[in-house]
Amino acid sequence: MTRTSENLSPELYEYLLAHSEPVDELLRDLVAETEQRFPDRVGLQIGPEQGTFMRMVAQLAGARDAVEIGTFTGYSAICLARGLAPGGTLLSCDLSEEWTSVARSYWQRAGLSDTITLRLGPALQTLRELDREPRFDLAFIDADKEGYIDYWEELVPRMRSGGTILADNTFSHGRVIDPAATSPAVEGIRKFNVHARDDGRAEAVILPIGDGLTLARVR
Ligand SMILES: C[S@@+](CC[C@H](N)C(=O)[O-])C[C@H]1O[C@@H](n2cnc3c(N)ncnc32)[C@H](O)[C@@H]1O
């Protein structure tokens, strides 16, 4: 797994980074610490251009209240939280105390400890415990791929009208178009992509950023 956008030559990817908003020192340090402590997991983080894009989506949408499914070491949470309107909140859900302890320390360093709330436990349960009423302007799904449809179904009724749902890895590293790829994760993404496209409560587009990023707008 890499943190780059799929199917760009290394040269074009370098060019993209060189002509996009640079990533700050705090995020660079977070990537370095994640690489050092969890070297075989660093590919779980979203890439720099995706982080910048997601922060800008939050800003452009004027989002105030957000939820994230899949914290890991906190990179995407920092990007989302930085894009929220003043007084904004981000509920970030994960299972791992070890990975999210890194997240918490970087949220503190970023001055975002009051903005981001971490909820440890199965994210589906966390969502189901929230009142089923519109409360979020922005959601980011980036956890177990088999669960994407369930997360979507719990999120849509909790989104304010016009709210944005982002879902990561919707290309499944290109495996979505490989008939030989039949793992539960790939099948989960294939089913999710059909589900999101056909759900009349929202409109969705897959963007070729990172490993495929679905951007959906709830009507
Ligand atoms: C791809 S990583 C998230 C990366 C993160 N968004 C970032 O950019 O750094 C997926 C995360 O989902 C978490 N996860 C997997 N299954 C989960 C579940 N059922 N409930 C909550 N979190 C889960 C994992 O512990 C892992 O940290």
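A polar contact here is a pair of N or O atoms within 3.5 Å; within protein, one must be able to donate a hydrogen and the other to accept it, and residues adjacent in sequence count only if both atoms are side-chain atoms. Keep in mind that this is a predicted model, where local features need pLDDT of at least 70 and side-chain atom pairs count only at pLDDT 80 or more, while totals for chains, interfaces and linings use all residues. Residues are numbered from 1 along each chain as its sequence is written, and side-chain values use heavy atoms, with hydrogens and water left out.

**Exercise 1. Find polar contacts of the ligand.**

Step 1. Start with alanine 123: one of its polar backbone atoms is 2.9 Å from a nitrogen atom of the ligand.

Step 2. Go on to isoleucine 46, where a polar backbone atom lies 3.2 Å from a ligand oxygen.

Step 3. Now try a side chain: an N or O atom in that of aspartate 144 is 3.3 Å from a nitrogen atom of the ligand.

Step 4. Check how covered the ligand is: taken alone it exposes 600 Å², and the protein buries 89% of that (Shrake-Rupley method, 1.4 Å probe).

**Exercise 2. Describe the shell around the ligand.**

Step 1. Count the neighbours, meaning residues with a heavy atom within 4 Å of the ligand. There are 19, and the closest are Gly70, Ser76, Asp94, Ala123 and Asp142.

Step 2. Sort them by class: 11 are nonpolar, five polar and three charged. Nonpolar covers Ala, Val, Leu, Ile, Met, Phe, Trp, Tyr, Cys and Pro; charged covers Asp, Glu, Lys and Arg; the others, Gly among them, are polar.

**Exercise 3. Place the ligand in a pocket.**

Step 1. Know the term: on a 1 Å grid over the protein atoms alone, a pocket is an open set of points where a 1.4 Å probe fits, with protein on both sides within 12 Å along at least five of seven lines; lining residues have an atom within 4 Å of a point.

Step 2. The ligand sits in the largest pocket, as more than half of its atoms lie within 2 Å of the pocket's grid points.

Step 3. That largest pocket has a volume of about 810 Å³. Its lining has 46 residues, and Leu44, Asp142, Ala143, Lys145 and Asn169 are the closest to its centre.

Step 4. Which element gives the most to this lining? It's H8, with three residues; helices here are DSSP runs (H or I) of at least four residues, and strands (E) of at least two.

Terms used:
Near = heavy atom within 4 Å. Points joined across faces, edges and corners; volume = space filled by probe spheres on them.
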